[in-house]
Structures are given as structure tokens and as C-alpha cells.
Amino acid sequence: MSAQAVATEVLSSSSVLPPFAGAHTAGGQDFEVIPFNAGLGAEIVGIDLGKPLSVADFARVHRAHLDHHVVVFRDQRITPQQHIDFSRRFGKLMIHVLHQFHLANHPEILIVSNIVEDGKPVGLGDAGKYWHSDISYKPLPSLGSLLHAQELPAEGGDTLFANMHTAYETLPAEIKAAIDGKVAVHSYLAKYDDMKKAANWRPTLSAEQLAQVKAVSHPAVRTHPETGRRALFVSEGFTTHIEGLPEDESRDLLNQLFAHSTKDEFIYRHQWREHDLVFWDNRSLIHLAAGCPTHLRRKLFRTTIEGDLPY
Ligand code: OGA
Ligand code: MN
């Protein structure tokens, strides 16, 4: 298929694409979208994210992200600035509250790492210890995140992604009825003290940091703003309770939702390779860091795109 034919096909099949500011390069890259067997996720093969994408190429990547919820780009030898530039084409970038772990001169990048240098952690060492959707504890949660491998352990360190559309669709009728129309409270502090106890490096939050992470309420089931599909929007990492229910009922319902949404059949397990860049949709998925032996070094860079008000 010629680049022109591809462009026409893609643009005509994507009525939901918003306008965006970006480079308009003539000619595209020759790449393919290859879905995984897991029922979610795809690899995008043959693209170099270090080069500005044409309008048609960007549209295909955007479409693949919406269709598959997590897309994997192998062997991306890109700089932090190129990572940021590509991420920005999808929206405004969020600055993480733990400024201790921003990459020097690039506050848009959060360092996710278990490495300790001179007694100081270089990054967030236990990011993703519990299932979560990034920044769901803010009034405007994240659209998606892009994680770029810098240093990988020889063993372990996988990231798991669970499809919250299929999780919602397959809920038993009585649980679906119990959560429809309900509002859930999300807090950055939900597991903070537990994690601080388990890992002595976690900083004590300043008054200014605490002010940035006030608890918020979001619908327990949200509608994806670009595809219209409904998805469960609660997670063990950040959801504390369901509004309007007695505490034990809320806990019981959440535990059932957490157990259901992380069943094997909804999961894609990413095994990292050097220079992988993985881009997921926080409106469609929750994710978890499987962890690796503590003596093995692991370091990744993350950008996080701001999303819409959930409805
Ligand atoms: C994150 C995260 C998981 C991992 O960076 O948002 O949850 O496997 N990371 O590092
Ligand atoms: Mn995360």
C-alpha cells in the first residue's frame, strides 16, 4: 500500500482524532501494528520515534493506542528530550509530586528506579507496587504514560497491564448493578505509609506536596472520552472507598472489583528489552510492577500525559 493510501485509510477510519500541533513532515515511516495474543497490546514495528512523525503516521500510532490500549516500541534509542517531544503530541505533560525523582533539567520525566547511589535513591523505587492507573488521585487523571527502559535487571522486572474495559464488561450482573452510578474516592496517600514503612527511602511529604495530593472523587465506571467504551476506574493503589456506602460494604465491593479486574484473562505481561518504550492508556488499563530481586539494577524514565475529567 502506498503511504498515501495508508494515510487515507487511517484518516477515514478515525473520526475521533482531535486536532493536534505537531510536525508536518512529508512522507512517512514504513511500520506495522502487530497485536499481541493477550487480547490487549500491540507492538509497533519499524518506527523510529527519534524522528518527527508525519500527520498520517501519528494518526496510525494514535489509533493503535486507542485500539490496543498499550503499544510497545522496541529499540528506541531516543534522548529524554525526544521522549518528551513525542509524549507532548498527545497532550500536556504532568509533573510528578515527588520532585526528588525528576530527571535533572527535565521535570517532565520521573525516574522509576530501585538504584541507590551514595545512600540516595535515584528514582521512585517501588512505583507500581500495587495495581493502579497513573495519577488517578488528581482531578484530571492521566491519559497515558510512556515508560522508556534505561537499565534492566537480568531477572524479573516485568510490568503487567489489565484491561478495564473487558473487566467491566464481564462483571457479574449484581456487582455491575452495585457500582453503576457510584463515585469512588482516590488518594495518593492510600498506600503511602505502608510503602514508606516497607521502604525507608520514601520521602516524608512536605506541606506543599500534601496540598498537591488532596483526595478526589471519580465515577467508579468511566467512559473513554475517545472511544466511548466504558471501563472500570478503581484500583487497589489509589482507591480508598466508594462514596455513600457503609465502610465494610465499600471495602467488600472494592475487594471484589480488585480481584475480578486483575484476573489472568485481562492481562498482558510486558517483559522488558533494552531501549523499549511502552505507551499505555490510563483510561483503559491498570498496571502493576511485578518487581525484581533488590540487588539487580532497574531504571526507566516516565512521562505522563494529562487526560480529561472522568465521566
Ligand atoms: C509507572 C509504573 C511500573 C514498572 O512507572 O507508572 O507503575 O514496572 N511502573 O516500573
Ligand atoms: Mn504507574
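# Notebook: a sheet, some rings and two spaces

I began with the main sheet, an open one of 8 strands in the order β1-β2-β3-β16-β8-β18-β5-β4, with mixed pairing. At its edges I found β1 and β4 (102-103), each with a single partner strand, so one side of each has no neighbour in the sheet. Strands here are DSSP runs of E with at least two residues, helices are runs of H or I with at least four, and both are numbered from the N terminus. Two strands count as paired if DSSP finds at least two bridges between them.

A note on what I am reading: this is a predicted model, in which local features need pLDDT of at least 70 and side-chain atom pairs count only at pLDDT 80 or more, while totals for chains, interfaces and linings use all residues. Residues are numbered from 1 along each chain as its sequence is written, chains are lettered from A and ligands numbered from 1 in the order in which they are written, and side-chain values use heavy atoms, with hydrogens and water left out.

**Entry: walking along the sheet**

I looked at β1 (residues 32-35) and β2 (residues 42-45), which run antiparallel and are joined by 4 bridges. I34 has E43 in β2 as its bridge partner. The two strands make a hairpin with 6 residues between them, and G39 in the turn has a positive phi of about 95°.

Next I followed the chain from β2 through helix α2 (residues 55-68) to β3, a β-α-β crossover that is right-handed. Right-handed means that, with the strands pointing away from the viewer, the path from the first strand over the helix to the second runs clockwise. β2 and β3 (residues 70-73) pair in the parallel sense over 2 bridges, and A42 has V71 in β3 as its bridge partner.

On to β16 (residues 277-281): this strand runs antiparallel to β3, and 4 bridges join them. Here I found V72 opposite V278.

**Entry: pairings of β10**

I then checked β10 (residues 183-186), which is joined to β11 (residues 216-219) by 4 bridges, the two running antiparallel. A184 is matched with H218 in β11. β10 also pairs with β14, again antiparallel, over 3 bridges, and there H186 has T239 as its bridge partner.

**Entry: aromatic rings**

How many aromatic pairs does the structure hold? I noted 13. Rings of Phe, Tyr and Trp (its six-membered ring) pair if their centres lie within 6.5 Å; planes under 30 degrees apart are stacked, over 60 edge-to-face, and the rest tilted.

I picked F73 and F86, an edge-to-face pair at 5.9 Å centre to centre with 85° between the planes. F73 sits in strand β3 and F86 in helix α3 (residues 80-88), 13 residues apart. Are these two buried or exposed? F73 is buried at 0% relative accessibility, and F86 is buried at 5%. (Buried is under 20% relative accessible area, exposed over 50%, partly exposed in between, with a 1.4 Å probe and protein chains only.)

My second pair was Y137 and F238: their ring centres are 4.9 Å apart and their planes at 70°, so the pair is edge-to-face. Y137 lies in the loop between β7 (120-121) and β8 (142-151), and F238 in the loop between β13 (230-232) and β14 (239-242), so the pair ties together parts that are 101 residues apart in sequence. Y137 is buried with a relative accessible area of 2%, and F238 is buried with 12%.

I also saw that ring pairs link F58, F73, F86, F90 and F279 into a cluster.

**Entry: a pocket and a cavity**

I first needed the terms. On a 1 Å grid over the protein atoms alone, a cavity is a set of points where a 1.4 Å probe fits but cannot get out; a pocket is an open set with protein on both sides within 12 Å along at least five of seven lines; lining residues have an atom within 4 Å of a point. Grid points are joined across faces, edges and corners, and a volume is the space filled by probe spheres set on the points.

The largest pocket holds about 450 Å³ of space. Its lining has 23 residues, with N114, G125, D126, C292 and T294 nearest the centre.

My search found 1 cavity of 30 Å³ or more, and the largest cavity holds about 340 Å³. Of its 26 lining residues, A127, G128, H132, D134 and R302 are closest to the centre.
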